[in-house]
Amino acid sequence: MLFSTDVSHNNSALIHIATALLIGPDGRTLLVRKRGTEAFMQPGGKIEAHEQPVNALARELEEELGLIIDPAHASFLGQFSAPAANEPGFVVKAEIFLLNIDAQVTPAAEIEEVIWIDPAGDGDLVLAPLTRDLILPFYRASLTAIA
């Protein structure tokens, strides 16, 4: 189930990231909030020049949440683009991976808060545009297609 959104963002600087739609055993998804910000988003981060997106994701999940994943278990969902939540004038181009996890996570590095929400709603939270407008609706649509 690959999906791509190529929204035209003229004159915007791109931030290339790898991020995860983490699904727990109860079907809830994990969102994180960086220190000093208000928007919740999927965990992940910037892809270094020498990295494959899935390897960047594994590195970021370990740094930010203490979560060790096997990159082979990450299913690529597609590439999504949206305005960056915390960098005005920037656009994030995100490589999105689906991971089912059954492990404890602990906020570390720049992550101040983690929360598990029902992906059918927004948990009454301020959400990053990528999460609010693309990732959660895409995931909800995939659940509807399966049902």
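Me: Which residue of strand 8 is the bridge partner of V32?

Reply: The partner of V32 in strand 8 is V114. This is a predicted model, in which local features need pLDDT of at least 70 and side-chain atom pairs count only at pLDDT 80 or more, whereas totals for chains, interfaces and linings use all residues. Residues are numbered from 1 along each chain as its sequence is written, and side-chain values use heavy atoms, with hydrogens and water left out.

Me: What makes strand 3 and strand 8 a pair?

Reply: Two strands pair if DSSP finds at least two bridges between them; strands (E, at least two residues) and helices (H or I, at least four) are DSSP runs numbered from the N terminus. Strand 3 and strand 8 have 6 bridges in the antiparallel sense, so the condition for a pair is met.

Me: Why do strand 3 and strand 4 also count as paired?

Reply: Strand 4 (residues 40-41) and strand 3 share 2 bridges in the antiparallel sense, and they pair because at least two are required. Here V32 stands opposite M41. The two strands form a hairpin with 5 residues between them, and G36 in the turn has a positive phi of about 80°.

Me: Why is strand 3 described as largely enclosed?

Reply: A residue is buried under 20% relative accessible area, exposed over 50% and partly exposed in between (1.4 Å probe, protein chains only). In strand 3, 5 of the 6 residues are buried, so the rest of the structure largely encloses this strand. R33, with a relative accessible area of 13%, is buried.

Me: How do you know that R33 and E113 form a salt bridge?

Reply: A salt bridge requires a side-chain nitrogen of Lys or Arg within 4 Å of a carboxyl oxygen of Asp or Glu. The closest N and O atoms of R33 and E113 are 2.9 Å apart, so the pair qualifies. R33 lies in strand 3 (residues 29-34) and E113 in strand 8 (residues 111-117), so the salt bridge ties together parts 80 residues apart in sequence. E113 is partly exposed at 31% relative accessibility.

Me: How many salt bridges are there by this rule?

Reply: The count comes to 8 salt bridges. Among them is the one between R28 and D26, whose closest N and O atoms are 2.7 Å apart. Another joins R59 and E60 at 3.1 Å. R59 is partly exposed, with a relative accessible area of 22%, whereas E60 is buried at 8%. Both belong to a network of salt bridges that links E48, E51, R59, E60 and E63.

Me: Why has E95 no salt bridge?

Reply: K93, the nearest side chain of opposite charge (Lys and Arg count as positive, Asp and Glu as negative; His and the chain ends are not counted), is 5.2 Å away from the buried E95. The limit is 4 Å, so no salt bridge is assigned.

Me: What makes a polar contact with the side chain of E95?

Reply: The side chain of Q79 does, at 2.6 Å. The term covers N or O atoms within 3.5 Å; within protein, one must be able to donate a hydrogen and the other to accept it, and residues adjacent in sequence count only if both atoms are side-chain atoms. Beyond four places in sequence, the contacts of E95 (heavy atoms within 4.5 Å) include H16, I47, P53 and F76.

Me: Where does E95 lie, and which residue stands opposite?

Reply: E95 is in strand 7, and A18 stands opposite E95. Strand 2 (residues 13-23) and strand 7 (residues 90-100) pair in the parallel sense over 11 bridges.

Me: In which sense do strand 6 and strand 7 pair?

Reply: They pair in the antiparallel sense over 8 bridges, with I96 in strand 7 as the bridge partner of G78. A hairpin joins them with 6 residues in between, and G89 in the turn has a positive phi of about 85°.

Me: Why is the pair of F80 and F138 called edge-to-face?

Reply: Rings of Phe, Tyr and Trp (its six-membered ring) pair if their centres lie within 6.5 Å; planes under 30 degrees apart count as stacked, over 60 as edge-to-face and the rest as tilted. By this rule there are 2 aromatic pairs. The ring centres of F80 and F138 are 5.4 Å apart with planes at 70°, so this pair is edge-to-face. F80 in strand 6 (residues 75-83) and F138 in helix 2 (residues 129-146) are 58 residues apart, and their pair links distant parts of the chain. F80 is buried at 1% relative accessible area, and F138 is buried at 14%.
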